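User: Can you walk me through this one? I'd like to go over the strands, the helix packing and the ligand site.

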Amino acid sequence: MTLLALYETRSQATFHVMLKALCDLYGLRKDELDRVANEAGYLAAMNAARSDKQRMIELVKPGRIVEIGPGGGVVLDLLEQRFPTSEVIGVDASREAVDALARRARAQASRWRIVHGDAERLGELVPGPIDTVVFCSVLHEVYSYTEPRFSLASVRRVVEAAFAALASGGRLVIRDGVQPPPGRRRLRLLAPDARATLELYTAQFEGRRIEITELGPDRVELSAADAMEFLYTYTWGPASFPYEVREQYGILPYDDYVAQLVAWCGGPGAAHAAPLPPEIRSYLQPGYRQHLAGKIELTDGHDRPVELPDSNCLIVIEKR
Ligand SMILES: C[S@@+](CC[C@H](N)C(=O)[O-])C[C@H]1O[C@@H](n2cnc3c(N)ncnc32)[C@H](O)[C@@H]1O
């Protein structure tokens, strides 16, 4: 445990290899969702995306509100503040996260409460109609960790359970990663650790096989979706690397994601996607651009400079 905490602070790729190997060898993740010695740091980082999450809160319909996978609890706090007369309940599958949240609820005398369990069992865990179910950075984890891993079937089961629990006129509010539209991207690897981290990422990413075309000593080409996964794991840094390589952040491109959700919720006769302003449908979270500046240069398949891919999306599905 001492070594793990030390390795999590080092930026060289070799430390990442050791860290992941130790976690795997000794089964040090208490469950798939725990972050070993870095759990507190990880949850603090989640809480730091607070202002971005605040925007999502405005899409919530008050009344009875459930957040699936509250993790560090920042969204529960935001919901409680924004909707003082609503009932706010968190449901998390990680024992570690639930125990920490229960302690925090007691310490700060929160009105929200927390329930331990898998979101697939939402109907049993929180009986009765719900006005909004919030999924903030959760569906990509369901996709990445539920066996068989990296299959949409598990996301579908969780979404179906949430939609079934909604009152009519109720909402699913989803904030998560988003896959870029199909395309090719070229990376110029400028930072001293960029090449080694890319090679390690390619070897360890568990979501799918990453195909890299070598264009030169510091240049590679890959799909836009693979580039997005690598760039944002690289941005998060060494402490979260062993966990991020286990997850796929963007599970579908925006339009496909919306179409899939509506279909899982019974089709257009039963559900529809609420219209959202284009700038919040899909966007780049602040921080990524600054972090990657001077470290990696991005161009398209014809060497034209391009923007970083959007990191996040917001989707609202309403029950008719
Ligand atoms: C990345 S954290 C998100 C934290 C929080 N929603 C936020 O945005 O600050 C994901 C959380 O989802 C939980 N989780 C993952 N799969 C779940 C499932 N099937 N049912 C309930 N919780 C789940 C994890 O335990 C973890 O606490």
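User: Which strand do three bridges join to β7?

Analyst: Before that, a note: this is a predicted model, where local features need pLDDT of at least 70, side-chain atom pairs count only at pLDDT 80 or more, and totals for chains, interfaces and linings use all residues. Residues are numbered from 1 along each chain as its sequence is written. Helices (H or I, at least four residues) and strands (E, at least two) are DSSP runs, numbered from the N terminus, and two strands pair if DSSP finds at least two bridges between them. With three bridges and an antiparallel run, the partner of β7 is β8, residues 219-223.

User: Which residue in β8 is the bridge partner of Thr213?

Analyst: β7 and β8 form a hairpin with two residues between them. Gly216 stands opposite Arg219 in β8. For Thr213, the bridge partner in β8 is Glu221.

User: What is the order of the four strands in the open sheet?

Analyst: Five bridges join β6 to β8, and these two run antiparallel; Arg185 stands opposite Leu222 in that pair. β7 (213-216) and β11 (296-300) each have a single partner strand, so they stand at the edges with one side left without a neighbour in the sheet. The twist averages 30° from one strand to the next. Pairing in this open sheet is antiparallel, and the order is β7-β8-β6-β11.

User: Which helix packs on the sheet, touching β6, β8 and β11?

Analyst: Contact here means that C-beta atoms, placed from the backbone, lie within 7 Å. Axes are lines fitted to C-alpha atoms, for helices over the stretch in contact, and angles run from 0 to 180 degrees between N-to-C directions. The helix covers residues 224-236, its direction makes about 115° with that of β8, and its name is α11.

User: Are α4 and α5 parallel or oblique to each other?

Analyst: Helix α4 (residues 50-57) packs with α5 at about 50°, and their axes are 10 Å apart. Under 35 degrees counts as roughly parallel, over 145 as roughly antiparallel, 65 to 115 as roughly perpendicular and the rest as oblique. So α4 and α5 are oblique.

User: How many charged residues are in the contact of α4 with α5?

Analyst: Arg50, Lys53, Gln54 and Ile57 in α4 meet Val74, Val75, Leu78, Leu79 and Arg82 in α5. Ala, Val, Leu, Ile, Met, Phe, Trp, Tyr, Cys and Pro count as nonpolar, Asp, Glu, Lys and Arg as charged, and the others, Gly among them, as polar. That splits the contact into five nonpolar, one polar and, for charged, three.

User: Which residues come nearest to the ligand?

Analyst: A residue is near a molecule if its C-beta atom, placed from the backbone, lies within 6 Å of it. The elements giving two or more residues to the shell are α5 (74-82), β2 (87-92) and α8 (139-145). By class, the shell has 14 nonpolar, five polar and three charged residues. Of the 22 around the ligand, the nearest are Gly69, Gly71, Ala93, Ser94 and Ala119.

User: What is omega for the cis peptide bond from Glu147 to Pro148?

Analyst: Pro148 lies in the loop between α8 and α9 (152-165). The bond from Glu147 is cis, with omega near -10°.

Technical notes
Contact = placed C-beta atoms within 7 Å.
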